[in-house]
Amino acid sequence: MRSSVEEAPDHCAIEFAMEMLGGRWKLAILKQLVAGTRRFGELRRALPGITQRMLTRQLRELEADGLVARTVYREVPPRVEYALTEVGHSLDSITEELDKWGRWYRETIRPEDPSGPRPPA
């Protein structure tokens, strides 16, 4: 079960942040929303490895944590959009830096064979 902000001890801010942002998909979802508002299907196409159920779950958690806002338009067919809140936008630079680092790591420390990654030159 996830902790609430009120239950988190002061000394474990990193652990609490990782509990909120950890997992395979949350930061990837946030990175997609940095560019602007997205509909569910747009997010699903942008993250081809995620299942519909997992995307729904992660979006609900991000919304509950105040990082993502969900807007439902009463149209036929219904339209639902997701956008970062002001608190969510506070993570813009973090997601950008992690994206840069991930690209660097993938290009620099690419495994040449199954025995493991090669060290940087």
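At roughly what angle do the axes of helix H2 and helix H6 cross? The legends below take that up in a predicted model, starting with an overview and then moving in on single sites.

**Figure 1. Overview of the predicted model and its elements.** Welcome to the whole chain before we zoom in. The protein has six helices and three strands, and from the N terminus on these elements run α-α-β-α-α-β-β-α-α. Of its 121 residues, 25% count as buried. Among contacts between residues at least 6 apart in sequence, 43% join residues at least 24 apart.

**Figure 2. Helix H2 crossing helix H6.** Here is the reply to the opening question: the axes of H2 (residues 26–34) and H6 (residues 92–108) cross at roughly 110° and come within 10 Å. The two helices are therefore roughly perpendicular to each other, and H2 passes H6 in a left-handed crossing. On the H2 side, look for Leu27, Leu30, Lys31 and Val34; they meet Asp92, Thr95, Glu96, Leu98 and Asp99 of H6. By type, the residues of this contact of H2 with H6 divide into four nonpolar, one polar and four charged.

**Figure 3. Lysine 31 on helix H2.** This view stays with the H2 and H6 pair and picks out one of its residues, Lys31. Is lysine 31 buried, partly exposed or exposed? Its relative accessibility is 24%, so lysine 31 counts as partly exposed. Not counting residues up to four places away in sequence, lysine 31 touches Thr95, Glu96 and Asp99. For a sense of how the chain comes back on itself in sequence terms, lysine 31 and leucine 98 are 67 residues apart in sequence and 9.6 Å apart in space, C-alpha to C-alpha.

**Figure 4. Helix H2 crossing helix H4.** H2 has a second partner to visit, helix H4 (residues 52–64), and the axes of these two come within 10 Å and cross at roughly 75°. That makes H2 roughly perpendicular to H4. Lys26, Ile29 and Leu30 of H2 make the contact, together with Leu55, Gln58, Leu59, Glu61 and Leu62 of H4. These residues of the contact of H2 with H4 divide into five nonpolar, one polar and two charged. Readers coming from Figure 2 may recognise Leu30, which is also listed among the H2 residues that meet H6.

**Figure 5. Glutamate 81 in strand E3.** Now we leave the helices for a strand spanning residues 79–84, E3, where glutamate 81 lies. Glutamate 81 counts as buried because its relative accessibility is 17%, and the cut-off for buried is under 20%. Which side chains make polar contacts with the side chain of glutamate 81? One is that of tyrosine 73, at 3.2 Å, and another is that of arginine 79, at 2.9 Å. Leaving aside neighbours within four places in sequence, the residues in contact with glutamate 81 are Thr37, Arg38, Arg39, Ala69, Arg70, Thr71 and Tyr73.

**Figure 6. The cis peptide bond at proline 77.** Our last stop is the loop between strand E2 (68–73) and E3, where proline 77 lies. What kind of peptide bond joins valine 76 and proline 77? The bond is cis, with omega at about -5°. As background, most peptide bonds are trans.

Definitions and conventions: Residues are numbered from 1 along each chain as its sequence is written. This is a predicted model: local features need pLDDT of at least 70, side-chain atom pairs count only at pLDDT 80 or more; totals for chains, interfaces and linings use all residues. Side-chain values use heavy atoms; hydrogens and water are left out. Axes are lines fitted to C-alpha atoms, for helices over the stretch in contact, and angles run from 0 to 180 degrees between N-to-C directions. Helices (H or I, at least four residues) and strands (E, at least two) are DSSP runs, numbered from the N terminus. Angles under 35 degrees count as roughly parallel, over 145 as roughly antiparallel, 65 to 115 as roughly perpendicular and the rest as oblique. A crossing is left-handed if the near helix is turned anticlockwise from the far one by less than a right angle, and right-handed if clockwise. Contact means heavy atoms within 4.5 Å. Ala, Val, Leu, Ile, Met, Phe, Trp, Tyr, Cys and Pro count as nonpolar, Asp, Glu, Lys and Arg as charged, and the others, Gly among them, as polar. Buried means under 20% relative accessible area, exposed over 50%, partly exposed in between (1.4 Å probe, protein chains only). A polar contact is a pair of N or O atoms within 3.5 Å; within protein, one must be able to donate a hydrogen and the other to accept it, and residues adjacent in sequence count only if both atoms are side-chain atoms.
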